Each structure stands twice: as structure tokens, then as C-alpha cells.
Amino acid sequence: MVPDLPPHWLHPPDIAAARAAQAEMAACIVAEDDLPARIARLGGADVSNTRFDPGKRVHAALVTLDAATDAVLATAAESRRADFPYVPGYLGFREVPALHACWRRLAVRPDVILVDGQGMAHPRGVGLACQLGLVLGVPTIGVAKSLLVGEGEPGPDPGDTAPLLWKGRRIGTALRTRRGARPVYVSVGHRVSLETATCIVLASTRGRRLPTPIRAAHDAANAARLQG
DNA sequence: GCGACAG
DNA sequence: ATCTTGTCGC
């Protein structure tokens, strides 16, 4: 938990301030297990955008699923104007504010949130999943569909993994969740170990490439965009 | 300087 | 991220 959440962690005035904020956040990330022995609820987070939108709005969604049945226990969506542009490496500053609003209204809270984006597999070790976890004070896992930095190619079978390496450092795990599909890139967000993160992601993938919570969040964010 | 670049 | 139908394959 963050005692005093610095305003610039959510709303830095510019890229330079955002970069400085990430440096501060990097020192606060906890890459260790802090989860209940038996995870009951899994969260999913995603944001949808409208192309060519002059209003620059973002449509965020946070969902809570029963880890055993995949039943949706709660959903919260937030549509608002983005106060930060999309800049590779600074996605968190664009999406976290709206997701933070979703969290405040989420009726049933999950034990851990699977985030559609990188965790520590980031140039400065502070991807969207890390930022969301730090701001909410909740365990998070980064699950990205493509790479920002690093490389790693797992075997062809579901469950096959390969270390995600960058500059000689391990920053995550490339995980094959489905045969014939491109791998997903798992990395620590906050308050979870890479090993546990990888197990959770694989366990929540029902024969699909992406884990159920993220698919549900994607659907919810999309629904929010199609409405308001 | 050139190329890369989550969502 | 988003624009989009059918189609190939297990």
C-alpha cells in the first residue's frame, strides 16, 4: 500500500515528470508473493479507444471473476477524456486514472488483477501493470500481447515458456498459452512473483490465447465505448 | 543519426 | 487501440 500517493504518479504534467515518477515507482515495486494460498477471485483490466476520436476519450473496465467458475462477480467501467497521450513507455499515465476510478466503484474486489499490458518488462521496469498495482496497492500481473522491449520464444505447446530477456536481464516470461498462437508476455506487476504470475496466467487461460479475466475486461471496455 | 515502439 | 468478412484449419 502506498501511504501517500504522489499526485504526479497519476497526473504528471509532462513526459519528463512522468519519467521521474516512474523512477520513484520502480523503487516501490514488490516482486514477491503476497497472495492467499487459494485465489478465489481474479481481476481483469483493459482500456478501449475510439480511433480518430477528437474527444480523446478512454473507456476503461475492471472486472472480477470467480477463479473457479469464471463467473463475473462484478464489473465497473469508466469513460473519460484522456489527460495524457499514448506514448510508448508511458501507457500507464494514460490508462491508470480511469482504471483507478473503476476500482473505487468495483463492488467485489479481486485478489489479483491481470492487466492488458507490460509489468516490469518495460524500459524502466515500470509498465502499466506496475503503475496500476502501485496506485491501487493491489497485486497485479502484466499480460502483454506483444513486446515493448526484450525477446524470448517459447516452444509450441501450451505451457511452454522462455525467459524474456533484455540487456542480459530477465524481465519476464514468454508463455505459449495456445498451440499455433503467438505467445503472451507475462511480467511482474506488483506484489507477486514472476513464477506465481505465470502460473496464474496459464491457469486462467481456457484453451484461448488470453486469460479469461482479460477477455472479460476487454469486452466490458468495448461495451463502454459503444455506449458512452 | 536510425530504427523500435505495450495499448 | 481501431477499421472489417470470410475463410482456412483442427
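**A sheet, its helices and two DNA strands**

Strand 1 contributes more residues than any other element to the surface near DNA strand B, namely 3. Good morning, colleagues. I should say at once that the model before you is predicted.

Let me stay with DNA strand B. It is surrounded by 20 residues, and the closest of these are Tyr86, Leu91, Gln118, Gly127 and Lys145. Two elements that each supply at least two residues of this surface are strand 1, residues 41-49, and helix 3, residues 91-105. By class, the surface near DNA strand B comprises 9 nonpolar, 8 polar and 3 charged residues.

I turn now to DNA strand C. Around this strand stand Ser48, Asn49, Thr50, Arg51, Lys145 and Asn222. The surface near DNA strand C holds 4 polar and 2 charged residues, and no nonpolar ones.

Next, the sheet. How are its strands ordered? The sheet is open, has 8 strands and follows the order 3-2-1-4-5-8-7-6, with mixed pairing. At its edges lie strand 3 (72-81) and strand 6 (161-166), each of which pairs on one side only. From one strand to the next, the twist averages 25 degrees. As general background, the strands of a sheet pair through backbone hydrogen bonds, in either a parallel or an antiparallel manner. Here, strand 1 and strand 2, the latter spanning residues 57-66, are antiparallel and share 9 bridges. Within this region, Asp46 is found opposite Ala61 of strand 2.

Helix 3 packs on the sheet, where it touches strand 1, strand 2 and strand 3, and its direction makes about 45 degrees with that of strand 2. Helix 4 also packs on the sheet, touching strand 1, strand 4 (112-116), strand 5 (140-144) and strand 8 (184-190). The direction of helix 4 makes about 25 degrees with that of strand 8.

Why can helix 4 be described as largely enclosed by the rest of the structure? The reason is that 9 of the 9 residues of this helix, residues 128-136, are buried. Among them are Leu128, Cys130, Gln131 and Leu136. Just after helix 4, Gly137 adopts a positive phi of about 70 degrees.

Finally, the interior. In soluble globular proteins, nonpolar side chains tend to be buried together. In this model the largest nonpolar core has 66 residues, of which Ala61, Leu62, Cys102, Leu132 and Ile141 touch the most other members. Leaving aside residues up to four places away in sequence, Ile141 touches several residues, including Val112, Leu114, Ala129, Val186 and Ile200. Thank you for your attention.

Terms used
Residues numbered from 1 in each chain as written. Chains lettered and ligands numbered in written order. Predicted model: local features only at pLDDT ≥ 70, side-chain atom pairs only at ≥ 80, totals over all residues. Near = placed C-beta within 6 Å. Helix = DSSP H or I, 4+ residues; strand = E, 2+ residues; numbered from the N terminus. Nonpolar A, V, L, I, M, F, W, Y, C, P; charged D, E, K, R; others polar. Buried ≥ 20, exposed ≤ 12 C-beta atoms within 10 Å, placed from the backbone. Core = buried A, V, L, I, M, F, W, Y, C linked by C-beta atoms within 7 Å. Contact = placed C-beta atoms within 7 Å. Pairing = 2+ DSSP bridges. Axes fitted to C-alpha atoms, helices over the stretch in contact; angles between N-to-C directions.
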